[in-house]
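I opened the model to look up the ligand site, the nonpolar cores and a few single residues. My entries follow in the order in which I made them.

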Amino acid sequence: MAPTVAVVGGGISGLAACYHLVRSPHPPKVLLLEAGARLGGWLQSTRAADGAVFEHGPRGIRPGGAAGTDTLHMVSELGLAGAVLPVPGDHPASRNRFLYVAGALHKLPSGLGALLRPVPPFSRALLWSGLRDLLAPAGTEPDETIHAFVRRRFGPEVADIAVDSLCRGVFAGDCRALSVRSCFPLLFQAERRRRSVLLGLALGSGKERGAESGLSRRARAERWSQWSLRGGMQTLPEALAQFLRERGVELRCHQPLRSLRRRHDGRWELTLADGSVTADHVVSALPAAALAEALPAEAAALAQELRRIPTVSVAVVNLQYEGVALPVTGFGHLVPSSEDGSLLGIVYDSVAFPQHDGAAAASLRLTVMLGGAWFEQSFGDPAAAAPELLLHRAQAAVREQLGLEPAPTRSIVRVHQACIPQYTLGHWQRTERISRFLAEHRLPLSLIGASYSGVSVNDCIASAKAAVGRLLGPQH
Ligand SMILES: Cc1cc2nc3c(=O)[nH]c(=O)nc-3n(C[C@H](O)[C@H](O)[C@H](O)COP(=O)(O)OP(=O)(O)OC[C@H]3O[C@@H](n4cnc5c(N)ncnc54)[C@H](O)[C@@H]3O)c2cc1C
């Protein structure tokens, strides 16, 4: 009889694990257990009756690298190629990104001109930062905060303004606490290999390539910066769920894992809210802290490591306006923490994906991101944060920073508690201790998902593929 693999957590990581399990030549019996009422985790889209789409989680996936190529391959296999909305390289949403500094919007420098002369908000030409990186000695620390690393290699302005903002946009986090080794492994490795980050990146690392598809070839030819799906990001988990059901995977919602216990025969017993199931192997696609709660007493050391991976909360405020125009056109703008801790940035959704505007003429969709590592100090306990307060803050930011005076015609406020794991300094040691514990105790347990080795959708899918490869062999 085929062994049973229980995948716990029905976010994109858990669904991708099921996808790779059932595609193996000798697929095990696969069971997916999700605590909530729906699958997809943070991939959440609201589809309005007039056709407008509002993203509450991820809104764009990058096509590049092996992981981006693999995701596009999966999307093709799911029959979604015709639903992909690409943002080509020459599109304003690819070319223009802004920072809001000292009360004004500044386009992030690009091109040779910006390299040679100072472009506000930077007081020096970026050439000097590049030269500094080429000449500075290599670091010797096994890990460093992103801020310390960038300051050392490129100077204080790049660290305080550009990279501070970038980390708020990607991790909703504080670059003075986040680890460069875990958050930006390519930069860290580039310095290790070539002494200079720029040199290391330019010379590449001969990395492996993902599974090619017509989509990935198109993405390269048209230099896509990102892509979405016609029905919003939620289309991806929906298509995965359909693919899995057709292949006999049992997808069970409303099934929170309460506890995990090893039986005498070595199999796992999973206690759920009502009843239990047994499995030969468990793939945990849960946030690290949720898994820690379910582990047996003999895995207390593992639970302790898992609890050390912190998270931050983000308020996502979707706004729709009628009859207004943005002062600039581009992907959106980020706000450095020195300007305003509480406001991470504003995405100009209608620029990248006008297909999601719906039937309303001259409609503009924006998303304001609030909180992150600054949530508690700005808005208090995320569990108790008042949606009216967050909406008020978001509207005020749109007024101040984009000059849009009218009230929005539609708004949706979501507070995502503990939604983005933070790879703080020393995260690599925590993940090493976690892997060592699993190996030494020969636990038939795989850990995947955003808590460990990358928070992007691509990273999560890649972590699922790698875990299935380790379980069934790389040719699965
Ligand atoms: C606001 C926001 C914007 C983002 N933007 C982008 C972006 O533009 N591009 C990008 O690439 N990435 C983005 N990300 C990151 C990316 O979306 C996430 O890292 C990724 O979706 C995490 O997927 P996951 O499956 O690992 O975890 P989750 O989505 O957290 O899924 C975990 C699942 O486990 C379930 N669960 C929890 N406890 C239990 C239990 N005890 N038993 C059973 N099930 C349980 C949960 O209900 C959930 O469904 C964004 C994230 C957020 C929050």
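**Ligand, polar contacts.** I began with the ligand and looked for polar contacts (pairs of N or O atoms within 3.5 Å; within protein, one must be able to donate a hydrogen and the other to accept it, and residues adjacent in sequence count only if both atoms are side-chain atoms). A polar backbone atom of Ala450 lies 3.1 Å from an oxygen atom of the ligand. For Trp42, I found a polar backbone atom 3.0 Å from a ligand oxygen. At Gly60 the ligand atom is a nitrogen, 3.0 Å from a polar backbone atom. I then looked up the area: the ligand taken alone exposes 1000 Å², and the protein buries 84% of that. Accessible areas are from the Shrake-Rupley method with a 1.4 Å probe; for residues, only the protein chains shown count as cover.

**Basis.** I noted that this is a predicted model, in which local features need pLDDT of at least 70 and side-chain atom pairs count only at pLDDT 80 or more, while totals for chains, interfaces and linings use all residues. Residues are numbered from 1 along each chain as its sequence is written, and side-chain values use heavy atoms, with hydrogens and water left out.

**Ligand, shell.** I listed 33 residues around the ligand (a heavy atom within 4 Å of it). The closest are Ser13, Glu34, Leu257, Val455 and Val457. By class, I recorded 19 nonpolar, 12 polar and 2 charged residues. Here Ala, Val, Leu, Ile, Met, Phe, Trp, Tyr, Cys and Pro count as nonpolar, Asp, Glu, Lys and Arg as charged, and the others, Gly among them, as polar. The largest share of the shell, 3 residues, comes from β18. Helices (H or I, at least four residues) and strands (E, at least two) are DSSP runs, numbered from the N terminus.

**Cores.** I next looked up the nonpolar cores, sets of buried Ala, Val, Leu, Ile, Met, Phe, Trp, Tyr and Cys residues joined through side-chain atoms within 4.5 Å. Buried means under 20% relative accessible area, exposed over 50%, partly exposed in between (1.4 Å probe, protein chains only). The largest core has 45 residues, and Val7, Leu78, Leu236 and Leu244 have the most contacts inside it. Among the elements that each supply at least two residues are β1 (4-8), α2 (65-77) and α12 (235-246). Helix α1 gives the most, 8 residues. A second, separate core has 32 residues, including Phe98 and Leu366.

**Leu236.** I checked its contacts (heavy atoms within 4.5 Å). Beyond four places in sequence, Leu236 touches Ile12, Leu43, Ile61, Met74, Val75, Leu78, Leu80 and Leu229.

**Asp357 and Ser363.** Is Asp357 buried or exposed? Asp357 counts as buried because its relative accessibility is 11%. I placed Asp357 in the loop between α15 (349-352) and β17 (363-372). Its side chain makes a polar contact of 2.7 Å with that of Arg365. Ser363 is in strand β17 and is also buried, at 11%. The side chains of Ser363 and Gln320 form a polar contact of 2.7 Å. Asp357 is among the residues that Ser363 touches.

**Pro382.** I found Pro382 in the loop between α16 (375-379) and α17 (387-402). Pro382 has 9% relative accessibility, so I entered this residue as buried. Outside its neighbours within four places, Pro382 is in contact with Ser313, Phe375, Glu376, Val415 and Gln417.
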